[in-house]
Amino acid sequence: MTSAPAVSGKSAEDGSAAEDGSSAVVGPASLRPAGAVGVAGSPSSWQLRALVALLFAVTVQLLRACGPLLDQVAGPVGIVNAALIALAVFAVPGLLLTVLGRAGLPRALPMIVLALVGLWGAGGLLGRSLPLTAAGAVVGMVALALAVRQLGDPVSAAVALLAGGALDLAFRSITVTWDPFWGGEWSVLLGGVIVLAVAYLALRRPSAVAPVRQGRVWALGGYLALWTTTLGNPAFAASQSGVALQLCLVVLIGTLTVAIEVVRRLTLAGGTHAIPEPDHWIAGSAALAGLVGGLALAWWGSGPAVLLGLVLAQLSAAVAVARALAAPGSRGDLAYGLVWVLPVLLFQVHYDMPLPFDNRWLPIVLAVAVGLAGMGRRPDHPGGWRVELRGLAARPAPVAGVVALALAVPVLMHLTQPDDGTANTSAASVTVLSWNVKYGRDDATGQADPRQLARAIQQANPDVVVLQEVSRGWAIGGGVDVAEYLSRELRMPYWWAPAADGQFGNLLLTRLPVSAVSTGLLPYGQGPMHRSYLKATVSLHFGEKSLDVVTAHLTHRKPNTPTRLAQIDTMLARVDPARPTVVAGDFNFWPSWPETRSFTDGGWVSAQDVTGHGAAWTSPTDRPTNRVDWVFGSRSVAFTDFQVLDQVTASDHFPVLATLALR
């Protein structure tokens, strides 16, 4: 067999890796940009790769942070105006990228990175506001695109992006998905290290600049959207699959490790050509099919099949993005930021202004776009069926080894999960706290802050906690898995009742023994989203007695009384009123509305009214005018106290705390 032309003193059949973690073989010399500083094996390659990886980790944090801050703006200005603001903001990255490209300013990258560092620091000093955060996200996207282009070859760029994804996941494992951007002890340390490293690497780059390879950078915007919503969203993986968060992180980071090795072996500039591609349609078509099929399995599947879908989708996305970055020309740069914001925005808007189709089709459409970007012939494609066995079996690159080391983080986090402290109680009374937590977003500042939820619950010290509007990966919640975060902080196991798309729903936390857990959907009716209920039996007095606990979050629009009545009927049909039972949640009706009679006519008693606190409002926390949060008990329950915890303003609802005894 005739060997391919030798590069850097090695044959193409030798798949060995260079010291910097890239392949020392980039195939035929015509596939490598002549004189490129950032090409594999050069002294500066590791710096530019590291810069891309760190920029990816910083940028995705800023993009996730825009979600809750934009949602807060939607309150005073309206959903449509907030959406227009988002579109205007994220039209800027494409415009800047186009202007910089036409102006021929390859040395702009260090200055843009310094601007990013300055915006991050300003946010820390002045507060994480939308203007500073959105500006940081825009600058981060531009810096990332410029750095990717200056790497010189698509394989190096794709490998660096995957390494940045692993870094992002490792940090989120430590913080239980609460981004370092928002603050906190660990968060300040991790975020500061990342940003300082980005600045150092940008300034230390050699003065010589690699020839800028164009490529379809708009596909990178699509990958960022897939990453923040699905591929790099461990909360999504955990909520959809039912697998523990840290174990999902092990799967996601492990997949990135494999993806790096797959990309290194592609028949592209910078790759070893160990994976043959006899026709220019094969790799692109396979990536497109795998990406679409994997995402469909992740979004419509359940259990371990969700993780299988994510693995397939991530491996395929890595190939598609590498091929997109290898494409000639730079058409579509203007769409770079819009490709990120449009699917994310429409996905969330659907729950207030329903689209004429299932919003889960949005990531599928995006996957098709990214897959199509990776289709077609690549420059100087050699073709052929020859399989380079030595290249396929080559030892992993050092960068893959470093990424694999990141697996230790979620493994250790899983093994060190605090004891849940499950205990029995012999107390004569039981306290139940119910709270709509607004997906962990602070109502006053718009910041994602699950820690203040944990502190408020710890201070109240209830026996049983039921929460509504719990986010597990939603964009408007900052991608935080509120369920896993609270469970770890409170040392309470949790039970989950998914609603909407499965990343939003109701939660039960308690240290008391729990059995007979059931969940289900409530009637959709007038919409605009699917609601759910959760029912569980809590053991008391060392198993001698038990209490049934039910929680739900009913539809919120005032004219939707018929839907709420149907939802109440469905929920109450699942309980035995002869048993000691508490039904609590954000039911979105006032005491004078017909919904109240659905409970009282059946013998249910309101804890707030029977204890003499009927005049207390429960929402909103800035100017309380509503009473929509309820705790009802069956005839076998005696309420002895009730409190609206009106000093807690973390959400737009106050927590309500009921004390009860069994008759």
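Is Trp300 buried, partly exposed or exposed, and what is its relative accessible area? Select Trp300 to start: its relative accessible area is 35%, and the residue is partly exposed. That class applies because partly exposed covers the range between the buried limit of under 20% and the exposed limit of over 50%. Keep in mind throughout that this is a predicted model.

**Stop 1: around Trp300**

Show helix H11, residues 282-300, which contains Trp300. Next add Phe357, Trp361 and Val365; together with Trp300 they make a nonpolar surface patch of about 420 Å². Within this group, look at the rings of Trp300 and Trp361, which form a tilted aromatic pair with 5.2 Å from centre to centre and 55° between the planes. Trp361 belongs to helix H14 (residues 361-373) while Trp300 belongs to helix H11, so this pair ties together parts that are 61 residues apart in sequence. Trp361 has 45% relative accessibility and therefore counts as partly exposed.

**Stop 2: Trp299 and its partner**

The structure holds 23 aromatic pairs. For another of them, select Trp299 and Phe347: this pair is tilted, with 50° between the planes and 5.4 Å between the centres. Trp299 is in helix H11 and Phe347 is in helix H13 (residues 336-349), so the pair, with members 48 residues apart, links distant parts of the chain. Trp299 and Phe347 are both buried.

Now widen the selection to Phe236, Tyr351, Tyr439, Trp474 and Phe504. With Trp299 and Phe347, these residues form one aromatic cluster.

**Stop 3: the sheet**

Move on to the strands. Six of them form an open sheet with mixed pairing, in the order S5-S6-S7-S8-S10-S9. Colour strand S5 (514-521) and strand S9 (605-606) to mark the edges; each of these pairs on one side only. Then select strand S6 (residues 532-540) and strand S7 (residues 545-553). The two run antiparallel and are joined by eight bridges. To pick out a bridge, select Leu540, whose partner in S7 is Lys545.

**Stop 4: arginines over tryptophan rings**

Which residue has its charged end over the ring of Trp120? Select Arg128: its charged end sits over that ring, 5.4 Å from the ring centre. Finish with Arg627 and Trp630, where the arginine lies over the face of the tryptophan, at 4.4 Å from the ring centre.

Conventions. Residues numbered from 1 in each chain as written. Predicted model: local features only at pLDDT ≥ 70, side-chain atom pairs only at ≥ 80, totals over all residues. Heavy atoms only, no water. Patch = residues over 30% accessible without salt bridge, like charges linked within 9 Å, V, L, I, M, F, W, Y side chains within 5 Å. Areas by Shrake-Rupley, 256 points an atom, 1.4 Å probe, with all protein chains shown as cover. Salt bridge = Lys/Arg side-chain N within 4 Å of Asp/Glu carboxyl O. Helix = DSSP H or I, 4+ residues; strand = E, 2+ residues; numbered from the N terminus. Pairing = 2+ DSSP bridges. Phe/Tyr/Trp six-rings, centres within 6.5 Å; stacked < 30°, edge-to-face > 60°. Buried < 20%, exposed > 50% of the residue type's maximum accessible area, 1.4 Å probe, protein only. Lys NZ or Arg CZ within 6 Å of the ring centre and 35° of its normal.
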